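Me: I have a model open and would like to learn how to read it. Could you walk me through it, starting with the surface?

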Amino acid sequence: MPQEILERPVGASFFLIVSYENEDTLFELKNLSEKRFSKILYESLVLPRWIPDESEREFAYPGRFTKVLSFKQRIHREEIVEKKKDCLEFQTILQKKDLSTLLIPGYVTSHNIVIAKSKDDFHRMYLFQGVYAETVYHFSRGILQPLPSTQNYFKEKEVVYFFNTLRESYEFNKFKS
């Protein structure tokens with residue numbers, strides 16, 4: 001009988017959803033994130049406004065603008081915990097000038113798109129150090145499908161289009177260094 005083997009998956013594509021009010025906030029975030037993470041590979045157009053879910057409403061007052069930044073460097077999925085902690089650090093710095101700043105890190109794989117949150121909810125899996133993972137899309141029948149529990153933001157056509165494009169890029173470049 002064949003033996004079961006544990007293998008680490010191919011690196012995931014790291015992205016960051018950013019909600020903000022002032023353009024200066026975005027430029028400062030780009031500067032901070034490129035120093036800490038890697039070069040920004042893709043930047044979305046302005047997407048529909050981020051609407052906080054139930055778990056975010058106590059601390060999030062999102063701005064008028066929402067963008068997604070995708071980074072060149074691949075991450076291992078467990079690194080999302082450190083990325084969430086980095087984002088909370090950046091968020092604290094940026095909120096001194098723009099209270100509406102909200103940063104939500106995530107990653108793209110062949111099978112799904114996952115974001116990191118700091119609050120528990122029925123559809124989130126606890127990782128460690130206070131970070132929860134939430135799958136917002138899974139890839140099925142050739143397209144990304146939002147899960148029933150996924151917040152409405154991820155069902156907006158512009159957002160679905162951007163994440164489909166991001167996933168296609170990930171698939172095309174998956175094995176390139």
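Reply: Happy to! Accessible areas here come from the Shrake-Rupley method with a 1.4 Å probe. Keep in mind that this is a predicted model. For this protein the accessible surface comes to about 10,000 Å², and 55% of that belongs to carbon and sulfur atoms.

Me: What share of the 177 residues counts as buried?

Reply: Buried means under 20% relative accessible area. By that cut-off, 48% of the 177 residues of the protein are buried.

Me: How do I read the fold from one end to the other? Which elements are there, and in what order?

Reply: Start by counting the elements: the protein has three helices and eight strands. Beginning at the N terminus, they run β-α-β-β-α-β-β-β-β-β-α. The radius of gyration of the protein is 16 Å, close to the 16 Å from the globule rule for 177 residues, so the protein is as compact as a globular protein of that length. Along the principal axes, the C-alpha atoms fill a box of roughly 60 × 35 × 35 Å.

Me: What part of the contacts comes from residues 24 or more positions apart?

Reply: Contact means heavy atoms within 4.5 Å. Among contacts in the protein with a separation of 6 or more, 67% come from residues 24 or more positions apart.

Me: Now a single residue. Where does Ser44 lie, and what does Ser44 touch?

Reply: Look first at the element, then at the neighbours. Ser44 sits in the loop between strand S2 (40-43) and strand S3 (65-75). Leaving aside residues up to four places away in sequence, Ser44 touches Lys67, Val68 and Phe162. The side chain of Ser44 also reaches the backbone nitrogen of Val68 at 2.9 Å.

Me: Why is Ser44 classed as buried or exposed?

Reply: Ser44 is classed as buried because its relative accessible area is 3%, and the cut-off for buried is under 20%.

Me: Let me try the loop before helix H3 (157-173). What can I say about Gln151 there?

Reply: Gln151 lies in the loop between strand S8 (143-146) and helix H3 (157-173). With a relative accessible area of 12%, Gln151 is buried. The side chain of Gln151 reaches the backbone oxygen of Ile51 at 3.0 Å. Not counting residues up to four places away in sequence, Gln151 touches Trp50, Ile51, Pro52, Asp53 and Lys117.

Me: One last feature: how many positive and negative charges are there, and how far apart are their mean positions?

Reply: Compare the two centres of charge. The protein has 26 positive and 25 negative charges, and their mean positions are 3 Å apart.

Technical notes:
Residues numbered from 1 in each chain as written. Predicted model: local features only at pLDDT ≥ 70, side-chain atom pairs only at ≥ 80, totals over all residues. Heavy atoms only, no water. Helix = DSSP H or I, 4+ residues; strand = E, 2+ residues; numbered from the N terminus. Buried < 20%, exposed > 50% of the residue type's maximum accessible area, 1.4 Å probe, protein only. Polar contact = N/O pair within 3.5 Å; in protein donor to acceptor, adjacent residues only side chain to side chain. Rg over C-alpha atoms; globule rule 2.2 N^0.38 Å. Lys, Arg positive; Asp, Glu negative; His and termini not counted. Charge placed at Lys NZ, Arg CZ, Asp CG, Glu CD.
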